[in-house]
Amino acid sequence: MMDVLYFAWVRERIGHPKDQVESEAATVRDLVEELCGREERYAAAFADLGALRVAVDQELADFDAPLGGVREVAFFPPMTGG
Amino acid sequence: MDIRVQEAPFDLGAEANAFAARQTGMGAVVTFTGLVRDLDGALDAMEIEHYPGMTERALRAIAEDAADRWGIGDALILHRYGRLAPDEAIMMVATAARHRAAAFEAAEFLMDYLKSRAPFWKKEHGPSGPAWVAARDEDEDALTRWAPDARDGRART
């Protein structure tokens, strides 16, 4: 079981901050594909991957990152701290 | 290294004094404070969201990187989240080093990195409703000057 977290407008577009997912996805990209198949609002949130960033177990990663043994994946727009 | 992510306001003077007071053998302390900017006087509030857990890890990694590169003796990163009013302090960094060049450069490095590598997101609340602040290309470009192969003559040690 994996926690999938959403932040900022990704969270707003999907409508909730977190899903618990049972997934066989090998990579982040595969996971995105699975999520997009769920409902239209997921497909809308993930329409432009170039506008998104991903963290795997709380470390920034890319969409080809493997998901074996991963407990937490998070999707969010580019960060705007400071 | 002192990393704090909090909703409550902080006392800039008290933080700066406490930071300076706990140093020994350092010749320079640099502090930077970020405020909620209200360019046209129309901002009602700035809301800051973050990723609890990852935020602290990312900030600590950035501070440790700065310590490795500039040999600074200490660093403080304090960043708020939640709903802030215009002109309120959002965040501060402080660095302590034996010499001022390292303290200034390490503070700039911390700021450049935490703007686009620490998981915070700003949302402005104004007269036309709420809007997420878009990341700026300049913030991403700012990181390239700290790349190991950047030939800009800046001190690396």
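**Reading the contact between chains A and B, and the sheet of chain B**

Tutor: In this predicted model, the contact takes 21 residues from chain B and 13 residues from chain A; two residues are in contact if their C-beta atoms, placed from the backbone, lie within 7 Å. Residues are numbered from 1 along each chain as its sequence is written, and chains are lettered from A in the order in which they are written. Local features need pLDDT of at least 70, side-chain atom pairs count only at pLDDT 80 or more, and totals for chains, interfaces and linings use all residues.

Student: Which element gives the most to the side of chain B that touches chain A?

Tutor: Helices (H or I, at least four residues) and strands (E, at least two) are DSSP runs, numbered from the N terminus. On that side, α2 (54–70), α3 (100–117) and β7 (120–126) of chain B each supply at least two residues, and α3(B) gives the most, with 5 residues.

Student: What is the order of the strands in the open sheet of chain B?

Tutor: Two strands pair if DSSP finds at least two bridges between them. Here the 4 strands follow the order β1-β4-β6-β2 (chain B), with mixed pairing. The edge strands, β1 (2–6) and β2 (28–35) of chain B, each pair on one side only.

Student: How many bridges join β2(B) to β6(B)?

Tutor: There are 8 bridges between β2(B) and β6 (residues 89–97) of chain B, and the two strands run antiparallel. Leu35(B) has Ala89(B) in β6(B) as its bridge partner.
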